[in-house]
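User: Could you take one part of this model and go through it closely? I'd like the packing first, then whatever around it deserves a look.

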Amino acid sequence: MAARKPSHAKALHDALRQAIGALREERLDEAELALSDLLRRWPGQPDALHFLGVLRHVQGRTSEGVALIRQALQQVPGHVGAWNNLGNVLLESQQLTEAIDAYRSGVAAAPTDPAAADALSNLAVVHRKLLQWRESEAACREALALRPDFVEAWYNLSLALMGQGKLHDGLLANSKAITLSPRHLQAREQVIRALMLQGEREQAALLYREWLAEDPDNPVARHQLAACLNENQPERASDAYIELMFDSFAGSFDAKLEKLGYRAPQLVVDALRQVAGAPQAALDIVDVGCGTGLCGPLLRPWARRLAGCDLSVGMLRQARSRGVYDQLHKAELVYYMDTQPAQFDAVVSADTLCYFGALQAPVAAAKRCLRSGGWLIFTVEALPDRDATPHRLQASGRYSHGSAYLRATLTDAGFHEVELRAEVLRQEASLPVAGWLVTARRE
């Protein structure tokens, strides 16, 4: 007997599941093929339009993505999930008023649906960004009325309460979130950082110690406790810390940096232009600690060959999707440069060496992988001139460096034409982050 053909509904369900799975796992080419095929078979299918809109945003085509999600919502105006994703896209593109409207529309469409809690929790995030602490708290409490065990809403509530100075209540909400999801790295870390920004170092240290009591080998808690106490500081952030931290927010990394006015990629490329002249696609360049590849498209015009390395698989996946690197390697940057003797004309690093305190090892490795006359260009955060220490681990978990230390380290390693230029690298907590743009030439 011949096998039955799958029903129309089952075929549609299976095709959607495959496409959404590829999108969630960031297999973007596969997701695009699956969604395009689905829309050929079922033209105008609203779920396919909705998730194709999300995909377009991830690909950097946000206006097109918003239009596709709105097109889907014209057919299914009560789809709270689509409203929520529309709000997420608008939030990540800094259209905050429009994001609020989208989240509220989702809640209005299905006010008792547990899925509305996602929209309410995200609405709380927007209000927090606008420093509307009471509105943020109210949205969190509405979300928790729908889903009492919603971890994200408990974390957002703790931040909203601390933003109003309700430290005790905020810590109680944070404790509830930790009880529900003790390994929720990014949210847990965010709450403790909020304490640090308020100058509550002792309370933050206590929470880090509690975290380590539960998870003694957690590299994030270990590193941040050292930063919090300003004692027993490691010479550099561990590989495990880097991998865990950056894998945890690889998907939202670019959007976060855009909100902070991140300038390091443009700064290192401007420095390359200054020393190498007009782009002629003639240089072999390596981007060490390349992250999601923000430097890649900017460096490409100068590159005959463009390589990159990073410890985070999630970050490398994003960098690969840009399609501008000739090679990408999962490797610690000192190790990688040591294995590439005299292979490059330029080594660039945008805000990666700030995860090293002592810079002797990366500077020596950069010299080994550069050809004669090659350039090392990087950014680090700056210590104030009044601070005589060579480098210091800050509460952020990053290191800041003194200008005298940078010059001495580069000169001792055999670099010359060393130039340090004071720059603002980005904004953090609404304050400028001072940094050094460093260029040095291999003898």
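Analyst: Let's start with helix α7. Its buried residues are Ala116, Ala117, Ala119, Leu120, Ser121, Leu123, Ala124, Val125, Val126, His127 and Arg128. That makes α7 a mostly covered helix, with 11 of its 14 residues buried. Keep in mind that this is a predicted model, and every value here is computed from it.

On geometry, α7 behaves: its end C-alpha atoms are 20 Å apart, which agrees with the 20 Å that 14 residues should span at 1.5 Å a residue. Just after α7, Leu131 takes a positive phi of about 60 degrees.

Now, how does α7 tie in with α6? The buried residues of α6 are covered by a set of elements that includes α5 and α7, the latter running over 116-129. In α6 the buried ones are Leu96, Ala99, Ile100, Ala102, Tyr103, Gly106 and Val107. Around the axis they cover an arc of only 165 degrees, which puts them on the same side of α6. Turned away from that buried side is a face carrying Thr97 and Ala108, both exposed. As for length, α6 has 14 residues and reaches 20 Å from its first C-alpha to its last, close to the 20 Å expected at 1.5 Å a residue.

Leu96 is a good residue for seeing the link at the level of side chains. Leu96 sits in α6 and, at 17% relative accessibility, counts as buried. Setting aside neighbours within four places in sequence, Leu96 is in contact with Leu91, Val126 and Leu130. Of these partners, Val126 is among the buried residues of α7, while Leu91 is one of the α5 residues that meet α6. For a sense of distance along this stretch, Leu96 and Arg141 are 45 residues apart along the chain, and their C-alpha atoms are separated by 21 Å.

That brings us to the other partner, α5. Helix α5 covers residues 80-92 and α6 covers 96-109; the two pack at an angle of about 170 degrees, with their axes 8 Å apart. With over 145 degrees as the cut-off, α5 and α6 are therefore roughly antiparallel to each other. On the α5 side, the residues in the contact are Val80, Trp83, Asn84, Leu86, Gly87, Asn88, Leu90 and Leu91. They meet Leu96, Glu98, Ala99, Ala102, Tyr103, Ser105, Gly106 and Ala109 in α6. Sorted by type, the residues of this contact come out as 10 nonpolar, five polar and one charged. Several α6 names turn up in both sets: Leu96, Ala99, Ala102, Tyr103 and Gly106 are buried and also belong to the contact with α5.

Next, the helices that come earlier in the chain. Thr62 belongs to helix α4, residues 62-75, and counts as buried at 17% relative accessibility. Beyond its neighbours within four places in sequence, Thr62 is in contact with Arg56, His57, Val89 and Ser93. Phe51, in helix α3 (residues 46-58), is buried too, at 13% relative accessibility. Not counting residues up to four places away in sequence, Phe51 touches Ile20, Leu23, Leu35 and Asn85. Leu23 is 28 residues from Phe51 along the chain, and their C-alpha atoms are separated by 8.2 Å.

Further along, a few spots deserve a quick look. Arg236 is found in the loop between α13 (219-229) and α14 (239-248) and is partly exposed, with a relative accessible area of 25%. Arg236 and Tyr355 are 119 residues apart in sequence, yet 6.0 Å apart in space, C-alpha to C-alpha. Tyr355 is also one of the residues Arg236 touches, alongside Glu332, Phe356, Gly357 and Tyr399, with residues up to four places away in sequence not counted.

If you're checking backbone torsions, there are two more positive phi values to go with Leu131. Ala342 has phi near 50 degrees, positive in a residue other than glycine; it is found in the loop between α19 (333-338) and β4 (344-349) and is partly exposed, with a relative accessible area of 39%. Glu417, not a glycine either, has a positive phi of about 50 degrees. Glu417 lies in strand β8, residues 415-428, and is partly exposed at a relative accessible area of 42%.

Conventions. Residues are numbered from 1 along each chain as its sequence is written. This is a predicted model: local features need pLDDT of at least 70, side-chain atom pairs count only at pLDDT 80 or more; totals for chains, interfaces and linings use all residues. Side-chain values use heavy atoms; hydrogens and water are left out. Axes are lines fitted to C-alpha atoms, for helices over the stretch in contact, and angles run from 0 to 180 degrees between N-to-C directions. Helices (H or I, at least four residues) and strands (E, at least two) are DSSP runs, numbered from the N terminus. Angles under 35 degrees count as roughly parallel, over 145 as roughly antiparallel, 65 to 115 as roughly perpendicular and the rest as oblique. Contact means heavy atoms within 4.5 Å. Ala, Val, Leu, Ile, Met, Phe, Trp, Tyr, Cys and Pro count as nonpolar, Asp, Glu, Lys and Arg as charged, and the others, Gly among them, as polar. The expected span of a helix is 1.5 Å times one less than its number of residues. Buried means under 20% relative accessible area, exposed over 50%, partly exposed in between (1.4 Å probe, protein chains only). The arc is that of the directions from the helix axis to the C-beta atoms.
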